[in-house]
Amino acid sequence: MAPNNKFPLRTLLALTTIPALLVGGLLWYASSLLPSCQTTQHARLPSPDSNFDLVIFSRDCGATTGFNTQAALIPNGDSLPDDAASFLSIGATADLAPRWTGPTSITLTIPPGAQIYRQDDSVAGIAVIYR
């Protein structure tokens with residue numbers, strides 16, 4: 001008679017399912033401990049051709065986040081996503097006096113002495129002029 005080397009299915013399922021549930025539960029619990037960021041929208045200006053919205057906002061991710069003001073372009077009418085990529089980010093709370101100067105150009109005013117983290121000269125084919 002040949003030896004039976006089959007691994008019982010019940011044991012295989014227990015050895016794979018239980019660790020997966022434990023790891024999943026641990027990751028779910030750990031994610032609840034991470035700080036979540038809050039985005040506050042300060043201004044929203046639609047482009048003259050209604051293709052984009054210029055959004056001025058700030059993010060607060062808890063005690064490790066300093067004051068900031070950011071600017072992003074998003075499709076007209078869309079809500080600002082939590083992970084919106086900004087083309088301007090400064091380390092200050094400021095009124096950037098945003099203005100569309102035409103369908104392909106934006107003007108923003110950066111306060112003197114503000115720490116600049118990001119400052120792109122164009123975004124999505126739109127020229128950005130800083131004062």
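Read along the sequence, the chain of this predicted model follows the pattern α-β-β-β-β-β-β-β-β-β. The secondary structure thus listed amounts to 1 helix and 9 strands. Among the strands are β1, at residues 38-46, β2, at residues 52-60, β4, at residues 88-90, and β5, at residues 99-102. Further along, β8 covers residues 122-123 and β9 covers residues 126-130.

The overall dimensions depart from those of a compact globule. The radius of gyration of the chain is 25 Å, whereas a compact globule of 131 residues would have a value near 14 Å. Taken along the principal axes, the box filled by the C-alpha atoms is roughly 90 × 35 × 20 Å. Of the 131 residues, 28% count as buried. The accessible surface of the chain comes to about 8,900 Å², and carbon and sulfur atoms account for 60% of this surface. When contacts between residues at least 6 apart in sequence are considered, 38% of them join residues at least 24 apart.

Charged side chains number 7 positive and 9 negative, and the centres of the two sets lie 12 Å apart. The count of salt bridges comes to 2. One of these joins the side chains of D53 and R44, with an N to O distance of 2.9 Å. D53 counts as buried because its relative accessible area is 4%, under the 20% cut-off. Its partner R44 has a relative accessible area of 30% and is partly exposed. The other salt bridge is formed by the side chains of R118 and D120, also with an N to O distance of 2.9 Å. Here R118 is partly exposed at a relative accessible area of 40%, and D120 is likewise partly exposed, at 21%.

R118 also appears in the surroundings of S89, a residue of strand β4. With residues up to four places away in sequence not counted, S89 touches T69, Q70, Q115, I116, Y117 and R118. The relative accessible area of S89 is 11%, so this residue is classed as buried.

A second set of contacts involves two aromatic residues, F52 and W100. F52 lies in strand β2 and counts as partly exposed, with a relative accessibility of 22%. Apart from neighbours within four places in sequence, the contacts of F52 are L45, P46, S47, L73, I74, P75, N76, W100, A124 and I126. F52 and G77 are separated by 25 residues in sequence, yet their C-alpha atoms are 7.9 Å apart.

W100 belongs to strand β5. This tryptophan is buried, since its relative accessible area of 12% falls under 20%. Outside the four places on either side in sequence, W100 is in contact with L45, P46, S47, P48, F52, L54, L73, S105, I106 and I126. L45, P46, S47, L73 and I126 are therefore among the residues in contact with F52 and are also listed for W100. The C-alpha atoms of W100 and V128 lie 9.4 Å apart, although the two residues are 28 positions apart in sequence.

Positive phi values were computed for two residues other than glycine, S50 and A124. For S50, phi is near 65°. S50 is placed in the loop between β1 and β2, and its relative accessible area of 44% makes this serine partly exposed. For A124, phi is near 50°. A124 is part of the loop between β8 and β9. With a relative accessibility of 55%, A124 counts as exposed because this value is over 50%. A124 is also one of the residues in contact with F52, which links this loop residue to a residue of strand β2.

Definitions and conventions:
Residues numbered from 1 in each chain as written. Predicted model: local features only at pLDDT ≥ 70, side-chain atom pairs only at ≥ 80, totals over all residues. Heavy atoms only, no water. Helix = DSSP H or I, 4+ residues; strand = E, 2+ residues; numbered from the N terminus. Rg over C-alpha atoms; globule rule 2.2 N^0.38 Å. Buried < 20%, exposed > 50% of the residue type's maximum accessible area, 1.4 Å probe, protein only. Contact = heavy atoms within 4.5 Å. Areas by Shrake-Rupley, 256 points an atom, 1.4 Å probe, with all protein chains shown as cover. Lys, Arg positive; Asp, Glu negative; His and termini not counted. Charge placed at Lys NZ, Arg CZ, Asp CG, Glu CD. Salt bridge = Lys/Arg side-chain N within 4 Å of Asp/Glu carboxyl O.
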